[in-house]
Amino acid sequence: MRNIGIGYRRDFAQGLLEQTDFQPAFIEVAPENWMRMGGHWRRVLERAVEKYPLYCHGLSLSIGSPDPLDIDFIKDLRAFLDEFQVRLYSEHLSYSKSENAHLYDLLPIPFREDAIEHIVQRIQRVQDLLDRPLVLENVSYYTPVAAEMPESEFIHRIVETSGCKLLLDVNNVYVNSFNHGYDARDFIKSLPLESVAYIHMAGHEKVSEDLIIDTHGQPIIDPVYDLFDFTTKMLEPVPVLLERDFNIPELSELKRESEVMERICQTNWESKYATV
Amino acid sequence: MPLSDTTRDIQNRLGRYVRDGKEPQLPGVTSGRLGTYRRLVYNVIDDSLRTAYPLTEKLLSPKEWDLLVGTFFNEHDCQEFQVMRMPRELAAWEEKPTVLLEDHPALEDLLWFEWAEVELYIMEDRPIPPHKALGDWWTDHWVLNPESQILQLTYPVHRTPPENLDECEPGSFFCLAFRQPKTYSIQFVDLSAIWVELLRLVGEGTHPAKAIQWLSEATGLTQDAIKAAAPPLLEDLKERGFFLGYEE
């Protein structure tokens with residue numbers, strides 16, 4: 001694969017290392033699942049980074065939290081990113097901690113003026129502490145909360161003001177457009193596409209007539225591939241990740257999904273490779 | 001401009017809701033959708049605890065399990081940024097529902113026993129001093145596996161199926177747990193108090209001969225009797241990867 005990486009999960013960690021049929025361009029892990037780790041899984045990660053470039057996608061930074069940043073965590077994180085020579089570190093534009101308690105999932109930030117300023121300051125502090133750019137993902141959300149502006153404006157202003165990069169999760173755009181009844185293509189066109197540094201693709205689950213949950217537990221569906229095709233036509237080449245966290249299939253199935261995306265990238269970016 | 005009190009309050013009320021399930025009045029929320037967050041967050045907590053504590057889940061009825069997990073998540077502020085280490089906070093949580101502790105006196109021990117396995121399996125590597133394979137039990141210093149814990153238990157949770165634990169009488173039980181250096185599997189060894197003390201003393205740097213002398217004085221057993229009884233255990237610990245060798 002030239003462009004497509006894969007979320008490195010313990011279910012197939014060993015298997016991926018021991019086969020040669022499927023060679024993703026890189027692997028991505030949640031640093032929180034591998035930091036302070038010894039024993040068997042430490043050895044596995046050491047072997048994996050000998051074979052593949054490593055990207056990290058965090059879970060606990062809680063950039064949009066009303067609680068203070070956890071500076072000790074960020075310092076430990078930097079040590080991990082440095083030790084494993086992580087190529088790119090991304091996180092979620094959400095919050096996962098409030099009232100001094102970790103909640104271990106991604107809660108929606110109110111799309112509000114003061115939240116923008118709050119987050120921009122925190123992004124700059126994190127980038128200083130990590131000494132690397134922060135790449136933030138547009139998250140799936142199931143309800144807006146006390147919004148003063150549309151999501152696209154919220155994202156646009158945070159990226160523009162802070163100078164951070166954008167992880168464009170195409171599946172999340174699809175999920176949100178379904179759940180909130182907007183046009184996914186218009187939404188993507190409204191984003192600061194020149195700041196996109198990374199793309200995520202995944203499957204989801206429709207749980208009722210009007211609700212899709214972003215489970216990462218199903219194969220990618222055709223409308224999301226179509227949206228990916230639409231999106232990549234407007235972008236310069238960037239790395240693309242296939243996320244699969246639940247109902248993990250055989251590697252051959254993940255390879256098949258990766259190949260579909262790789263073909264789309266090749267088609268849309270062929271003429272651009274020479275310039276990047 | 002710092003985060004306004006209004007926005008902070010909105011965010012904290014959503015965070016509070018996913019923990020206690022009492023739906024707040026938040027502006028601009030799509031009807032019926034907040035519950036999705038409560039379910040998603042609760043499932044993460046529940047799954048993580050079930051993974052860490054499969055025996056505890058068997059000890060408790062489904063209703064009791066839900067009571068334990070629900071009250072823990074609602075009342076305890078989780079501090080671990082790593083969800084895989086969050087279950088330790090349940091074992092350490094001192095406000096467990098009294099009814100569960102009364103009906104299942106071994107609950108606390110079982111949680112710590114199960115957590116020891118998880119913690120040893122994921123713990124950071126500890127340096128092992130240089131050592132040689134050959135030596136003498138009583139004249140050389142021992143090198144013991146530093147990736148280990150000795151558990152002091154009131155109930156024999158390490159050798160009793162969870163469904164039988166409620167019938168057990170309290171006592172004083174010891175279990176050595178360690179990470180096997182080659183396979184990284186977690187090994188458990190049932191120990192009597194005298195061997196726990198021997199391993200503790202040697203582990204703290206006491207010469208084995210001195211440790212035997214101390215044990216003899218403390219127990220009234222002769223040093224020869226202790227030395228004669230020790231080798232089967234020590235050979236077993238050597239075979240299983242706890243006794244690593246002799247100091248160089």
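This chat looks at one buried residue and at the contact between two chains in a predicted model.

User: Before we start, how are things numbered here, and what kind of model is it?
Analyst: Residues count from 1 along each chain as its sequence is written, and chains are lettered from A in the order in which they are written. It is a predicted model where local features need pLDDT of at least 70 and side-chain atom pairs count only at pLDDT 80 or more, with side-chain values using heavy atoms.

User: Cool. Where is V240(A)?
Analyst: V240(A) sits in strand β12 of chain A, residues 240-243 (a strand is a DSSP run of E, at least two residues; a helix is a run of H or I, at least four; both are numbered from the N terminus).

User: Buried or exposed?
Analyst: V240(A) counts as buried because its relative accessibility is 0% (buried means under 20% relative accessible area, with a 1.4 Å probe and protein chains only).

User: Which residues does V240(A) touch?
Analyst: Among them are F26(A), M261(A) and W269(A), leaving out residues up to four places away in sequence (contact means heavy atoms within 4.5 Å). The C-alpha atoms of V240(A) and M261(A) are 8.4 Å apart.

User: Switching topic: how many residues does each chain bring to the contact?
Analyst: Chain B brings 46 residues and chain A brings 49.

User: How many salt bridges are there between chain B and chain A?
Analyst: There are four (a side-chain nitrogen of Lys or Arg within 4 Å of a carboxyl oxygen of Asp or Glu). One salt bridge joins the side chains of R33(B) and D210(A), at 4.0 Å from N to O.

User: Which element of chain B gives the most to the side touching chain A?
Analyst: That's α1(B), with 11 residues.

Methods: Buried < 20%, exposed > 50% of the residue type's maximum accessible area, 1.4 Å probe, protein only.
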